[in-house]
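Good morning, and thank you for making time for this presentation. Please have the sequence and the structure open as I speak.

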Amino acid sequence: MATSGSTPPHIQPEAGPSARSPAQRNSVAGPSSPQLAEEGSSVIKRRAVKSRKIRRPDDVSLGVDAEEPSQGDVAPQRNGGAAGPSRSRSASPSRRSVPTRPISPAVRRSASPEKPDKRIAEPAERTRPPAPPPRFARRSHLAPSRSSHPPLLPCRSVYSYTRLNHIEEGTYGVVFRARCNDTNQIFALKKLKLEEEKQGFPITSLREIMALMVAGEHPNVVGIREIVVGETLNQIFIVMPFIEHDLKTLLTDMPHPFLQSEIKTLMIQLLSGVAYCHANWILHRDLKTSNLLLTNRGQLRIADFGLARKFGDPLPPMTQLVVTLWYRAPELLLGAKEYSTAVDLWSVGCIFGELLGGEAMMQGRGEIDQIGKIFMLLGQPNEDVWPGYNSLPLVKNLNPIGPPFSVLRQRFKQLTSSGHNLLAGLLMYDPARRLSADEAGKHPYFEETPLPKHPDLFASFPSVAAGERRHRLLKSPLAPVNAHRVEDDGMDLESFV
Ligand SMILES: Nc1ncnc2c1ncn2[C@@H]1O[C@H](COP(=O)(O)OP(=O)(O)OP(=O)(O)O)[C@@H](O)[C@H]1O
Ligand SMILES: [Mg+2]
């Protein structure tokens, strides 16, 4: 163990089964060893050849053909020839004597196919023949490189943040506004509700963190900064950027509904974030206005991935008990065995209607009531509009209800026919014909006047989440002062946990 660990693996085959003792090796390397001179010179030649074989890949990582890993499959044979006599003759002595340069991790990273090395463009480098990537790189090309993983570090303590105020308590977490003690930046901390957990860390929370890490890079997804922990095992917090508003609170509190141009901007951003999630094989499964955050600069961010999960092709078995009732697609309500990205697009359609109307479009009191509300708005479905409808598990239990056609157009009279076409495309009964996020984002509705408003031109509203609600201030004028006291005294840290 110790020996193999102390010797670089690529040196071992060279030494071979008849590896010499250190003394012999020294004598070979030394200039005054006539009896071994011949053998020594052949060993040195073999080493020169071997070391070229080893060095070539390092040259590659310095930029010869790192951009074309497929060449590596062909090049080893060519390199085999290159290591032969004609190649060694053409190799200049100075080149042979140049020691292998240690390559920093940064250089290796820059040579990966994703990030082509800028030096490839340099003329001097371009004249070199292509060479294969190193063996270890070929072996691991299917797995992400080590540098693409986040570094594994222990979680920091929640006491790295100072609590400012409570924002909201949801079904799966309590959200606080807090200030980072190191940077003074403001963040939102979501404390996961783990008190009831009997079976360890819940899979839903793992999925939420995974989804935020994967999709959080998109500008319309809330993102994640880190996970921090309290003193006990059930005190786990997701640290996210703090966003001033959620659309639900905003729709309730704002004096005037959103303008058409603003709705277009919000919808484009929402569809862009959803498209990114779907492209990365993530279903959100709980899109609704209270899970959509809006910055004071008009940037929408999708939040709350508590019900999100990865999907695949073929679809894995997934629970039907997802999506908040008012935003739940008919295939879920009617017990379809399989569902996919279309469930998120139905929710997007419901959100579009809510932005237009100022309140949730179909507010069912239970599943049957919700199905009834859908049928009343969109008409009674049948095999023509939704192939396979009659064989859905729960259809037999339903009484026929609703008009034979959609009354969507009457409900949203302010919408142009293009806007109506988009809404109807999102609220299509047949999931296979429902618009995808990509298709919806390119809909002509977004190109007709009034054009989408630039996010920077959005009006700013008092942020309830930041304790700026006017009537609250009137009721309890000390609230912001309290927040300062918390910061100044460093008191009340326990109230986090
Ligand atoms: N990053 C954030 N910045 C500001 N406010 C936030 C942030 N994240 C969440 N909130 C607020 O907290 C509320 C609850 O958060 P979230 O939806 O993540 O919790 P939940 O327990 O999963 O909720 P739900 O009841 O929808 O399942 C949101 O509706 C929003 O008002
Ligand atoms: Mg939520």
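Where is tryptophan 281 found? Tryptophan 281 sits in the loop between helix 13 and strand 8, which covers residues 282-283. Please bear in mind that this is a predicted model. The backbone at tryptophan 281 deserves a remark: its phi is near 60 degrees, a positive value in a residue other than glycine. This positive phi comes just after helix 13. As to its surroundings, tryptophan 281 has 13 other C-beta atoms within 10 Å and is therefore partly exposed.

Let me step back to helix 13 itself, residues 260-279. Helix 13 has 20 residues, so at 1.5 Å a residue it should span 28 Å, and its end C-alpha atoms are indeed 28 Å apart. The helix is mostly covered, with 15 of its 20 residues buried.

I turn now to the nonpolar core. The largest one has 79 residues, and those with the most contacts inside it are Leu270, Leu271, Val348 and Leu426. Which residues does leucine 426 touch, leaving aside those up to four places away in sequence? Its contacts are Leu345, Trp346, Val348, Gly349, Phe352, Arg434, Leu435 and Ala440.

For the protein as a whole, the secondary structure comes to 21 helices and 11 strands. There are 497 residues, of which 28% are buried. Among contacts with a separation of 6 or more, 67% are between residues 24 or more positions apart.

Next, the ligand. Which residues come nearest to ligand 1? Of the 22 residues around ligand 1, the nearest are Glu168, Gly170, Ala188, Asp246 and Asp304. The elements that give two or more residues to this shell are strand 2 (161-169), strand 3 (173-180), strand 4 (186-192) and strand 6 (236-241). By character, the shell divides into 12 nonpolar, 6 polar and 4 charged residues.

Two of those strands also frame another backbone feature. Asparagine 184 lies in the loop between strand 3 and strand 4. Asparagine 184 has a positive phi of about 65 degrees, although it is not a glycine. With 9 other C-beta atoms within 10 Å, asparagine 184 is exposed.

I should also like to show a sheet. It is an open sheet of 3 strands in the order 7-9-10, with antiparallel pairing. Strand 7 (245-246) and strand 10 (300-302) stand at the edges; each has a single partner strand, so one side of each is left without a neighbour in the sheet. Strand 7 pairs with strand 9, residues 292-294, in the antiparallel sense over 2 bridges. Within that pairing, histidine 245 stands opposite leucine 294 in strand 9. In general terms, the strands of a sheet pair through backbone hydrogen bonds, either parallel or antiparallel.

Finally, where do we find cis peptide bonds? One runs from aspartate 313 to proline 314, with omega near 10 degrees. Proline 314 lies in the loop between strand 11 (309-310) and helix 14 (330-333). Another cis peptide bond joins threonine 449 and proline 450, with omega about -5 degrees. Proline 450 is in the loop between helix 19 (437-441) and helix 20 (470-475).

That concludes my presentation. Thank you for your attention.

Definitions and conventions:
Residues are numbered from 1 along each chain as its sequence is written. Chains are lettered from A and ligands numbered from 1 in the order in which they are written. This is a predicted model: local features need pLDDT of at least 70, side-chain atom pairs count only at pLDDT 80 or more; totals for chains, interfaces and linings use all residues. Two strands pair if DSSP finds at least two bridges between them. Helices (H or I, at least four residues) and strands (E, at least two) are DSSP runs, numbered from the N terminus. A residue is near a molecule or strand if its C-beta atom, placed from the backbone, lies within 6 Å of it. Ala, Val, Leu, Ile, Met, Phe, Trp, Tyr, Cys and Pro count as nonpolar, Asp, Glu, Lys and Arg as charged, and the others, Gly among them, as polar. The expected span of a helix is 1.5 Å times one less than its number of residues. A residue is buried if 20 or more other C-beta atoms lie within 10 Å of its own, exposed if 12 or fewer, and partly exposed in between; C-beta atoms are placed from the backbone. A nonpolar core is a set of buried Ala, Val, Leu, Ile, Met, Phe, Trp, Tyr and Cys residues joined through C-beta atoms within 7 Å. Two residues are in contact if their C-beta atoms, placed from the backbone, lie within 7 Å.
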